[in-house]
Amino acid sequence: MSHRIAFLKGHGTENDFVILPDPENALELSPAAVAALCDRRAGIGGDGLLRVVRSAAHPEARAMADRAEWFMDYRNSDGSIAEMCGNGVRVFARYLQRAGHVTEGDLAVATRGGVKSVHIAKPVPNSGSPEGDITVGMGKALLPEGDITVSVGELTWPARNVNMGNPHAVAFVDDLAQAGNLLSPPPVSPATAYPHGVNVEFVVDRAPRHVALRVHERGSGETRSCGTGACAVAVAAARRDGLDPGRTGTPVTYTVDVPGGRLTVTERPDGEIEMSGPAVIVAEGEIDTLWLETVSKRA
């Protein structure tokens with residue numbers, strides 16, 4: 001018998017997501033089902049899927065329930081599970097606000113990358129947007145040692161290894177077109193540096209403390225934006241520029257242009273990183289469970 005499952009669609013700087021409210025963790029989502037939902041021709045379409053679950057109802061988040069009521073169960077568009085998604089957290093928070101679970105101000109969101117602090121700002125008068133930006137505390141960046149290179153065709157660049165709860169290889173290039181089509185993962189060496197794959201960012205300078213990027217997201221291909229990638233790029237650019245807030249005691253802020261818009265990333269002296277940007281819910285509807293059950297059985 002066919003039933004209906006509610007869904008929404010949202011994006012943060014055009015990094016778009018299917019949103020499935022599932023407070024009691026009742027849905028079983030196979031990788032095939034997630035991939036079908038994220039399919040832009042045969043499904044709803046998205047760079048990933050955000051399942052909204054109460055932390056107390058999910059075994060991976062139960063230990064965080066005393067700090068964060070809601071858990072973001074994030075999946076890449078190929079159905080694989082990911083630790084974190086910076087743009088996804090902002091869209092997740094916007095959904096919670098839209099659904100009446102939270103209001104403007106501070107909240108905490110549980111993720112596989114830990115509990116993230118979020119601030120929903122009030123709308124700015126005359127900004128042209130009815131909603132304020134959302135700021136996410138992204139945690140601290142880890143900078144693993146070791147030489148990394150990224151290649152596209154005959155070109156090879158040195159890259160900075162940055163971990164934002166998920167792995168990134170950041171390469172500074174002369175022209176973003178050098179990144180190619182980014183349909184397939186760019187080769188990274190040594191492969192042993194990223195046993196579970198890596199997000200790869202190609203970066204150019206626009207102005208002092210202002211960069212632009214293109215990104216291949218692990219499990220999703222090229223996306224219009226990547227929040228953790230923007231943070232990784234800001235940290236890599238700061239170190240390249242000789243800036244380390246932990247040593248100077250002064251926060252460092254970079255403007256990061258992504259194909260889908262603009263993000264602002266600040267690294268504080270204590271190492272904590274904050275990312276601010278827009279988040280928009282664009283649609284909502286229903287999924288036919290018979291269709292979902294059918295695609296869930298695919299190999």
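A residue counts as buried here when its relative accessible area is under 20%, and Tyr74, at 2% relative accessibility, is therefore buried. The structure described below is a predicted model, and this briefing covers its nonpolar cores, two helices, its aromatic pairs and a few individual residues. The largest nonpolar core has 52 residues, and within it Met72 and Val256 are the residues with the most contacts. Helix 3, which runs over residues 227–240, gives the most to this core, with 9 residues.

**Nonpolar cores**

- Beyond its neighbours within four places in sequence, Val256 is in contact with Val211, Leu213, Ala230, Ala234, Gly261, Arg262, Leu263 and Val265.
- A second core, separate from the one that holds Val256, has 17 residues, and Trp157, Leu182, Tyr194 and Phe202 are among them.

**Helix 3**

- Of the 14 residues of helix 3, 12 are buried, so the helix is largely enclosed by the rest of the structure.
- The buried residues of helix 3 are Gly227, Thr228, Gly229, Ala230, Cys231, Ala232, Val233, Ala234, Val235, Ala236, Ala237 and Ala238, and two of these names, Ala230 and Ala234, also appear in the list of residues in contact with Val256.
- With 1.5 Å allowed for each residue, helix 3 should span 20 Å, and this agrees with its end C-alpha atoms, which are 20 Å apart.
- Just after helix 3, Gly242 takes a positive phi of about 80°.
- The charged end of Arg240 sits over the ring of Phe172, at 4.4 Å from the centre of that ring.

**Helix 1**

- Helix 1 covers residues 31–38, and because 6 of its 8 residues are buried, it is largely enclosed by the rest of the structure.
- The residues of helix 1 that are buried are Ala32, Ala33, Val34, Ala36, Leu37 and Cys38.
- These buried residues pack against strand 2 (15–21), strand 3 (48–54), strand 4 (70–76) and strand 18 (280–288), and also against helix 5 (289–296).

**Aromatic pairs**

- The count of aromatic pairs comes to 2.
- Phe17 and Tyr74 form an edge-to-face pair, with 6.0 Å from centre to centre and 75° between the planes.
- This pair links distant parts of the chain, since Phe17 lies in strand 2 and Tyr74 in strand 4, 57 residues apart.
- Phe17, with a relative accessibility of 0%, counts as buried, and Tyr74 counts as buried at 2%.
- Trp157 and Phe202 also form an edge-to-face pair, with 5.7 Å from centre to centre and 80° between the planes.
- The pair of Trp157 and Phe202 likewise links distant parts of the chain, with Trp157 in strand 9 (residues 155–163) and Phe202 in strand 12 (residues 199–207), 45 residues apart.
- Trp157 and Phe202 are both buried, and both are included in the second core.

**Ile148 and its surroundings**

- Ile148 is found in strand 8, which covers residues 148–152, and at 5% relative accessibility Ile148 counts as buried.
- Apart from neighbours within four places in sequence, Ile148 is in contact with Trp157, Pro158, Ala159, Asn161, Ala169, Val188, Ser189, Pro190, Ala193 and Tyr194.
- Ile148 and Pro158 are 10 residues apart in sequence, and their C-alpha atoms are 5.9 Å apart in space.

**Two residues with polar side-chain contacts**

- Thr266 is placed in strand 16 (residues 261–267), and with a relative accessible area of 18% Thr266 is buried.
- The side chain of Thr266 makes a polar contact with the side chain of Thr253, at 2.7 Å.
- Once neighbours within four places in sequence are set aside, the residues in contact with Thr266 are Pro251, Val252, Thr253, Glu272, Ile273 and Glu274.
- Glu284 is found in strand 18, and at 54% relative accessibility Glu284 counts as exposed.
- The side chain of Glu284 makes a polar contact with the side chain of Arg98, at 2.8 Å, and, with neighbours within four places in sequence left aside, Glu284 is in contact with Phe7, Leu8 and Arg98.
- Glu284 and Ile19 are 265 residues apart in sequence, whereas their C-alpha atoms are 8.9 Å apart in space.

Terms used:
Residues numbered from 1 in each chain as written. Predicted model: local features only at pLDDT ≥ 70, side-chain atom pairs only at ≥ 80, totals over all residues. Heavy atoms only, no water. Buried < 20%, exposed > 50% of the residue type's maximum accessible area, 1.4 Å probe, protein only. Helix = DSSP H or I, 4+ residues; strand = E, 2+ residues; numbered from the N terminus. Contact = heavy atoms within 4.5 Å. Core = buried A, V, L, I, M, F, W, Y, C linked by side-chain atoms within 4.5 Å. Phe/Tyr/Trp six-rings, centres within 6.5 Å; stacked < 30°, edge-to-face > 60°. Lys NZ or Arg CZ within 6 Å of the ring centre and 35° of its normal. Polar contact = N/O pair within 3.5 Å; in protein donor to acceptor, adjacent residues only side chain to side chain. Expected span 1.5 Å × (residues − 1).
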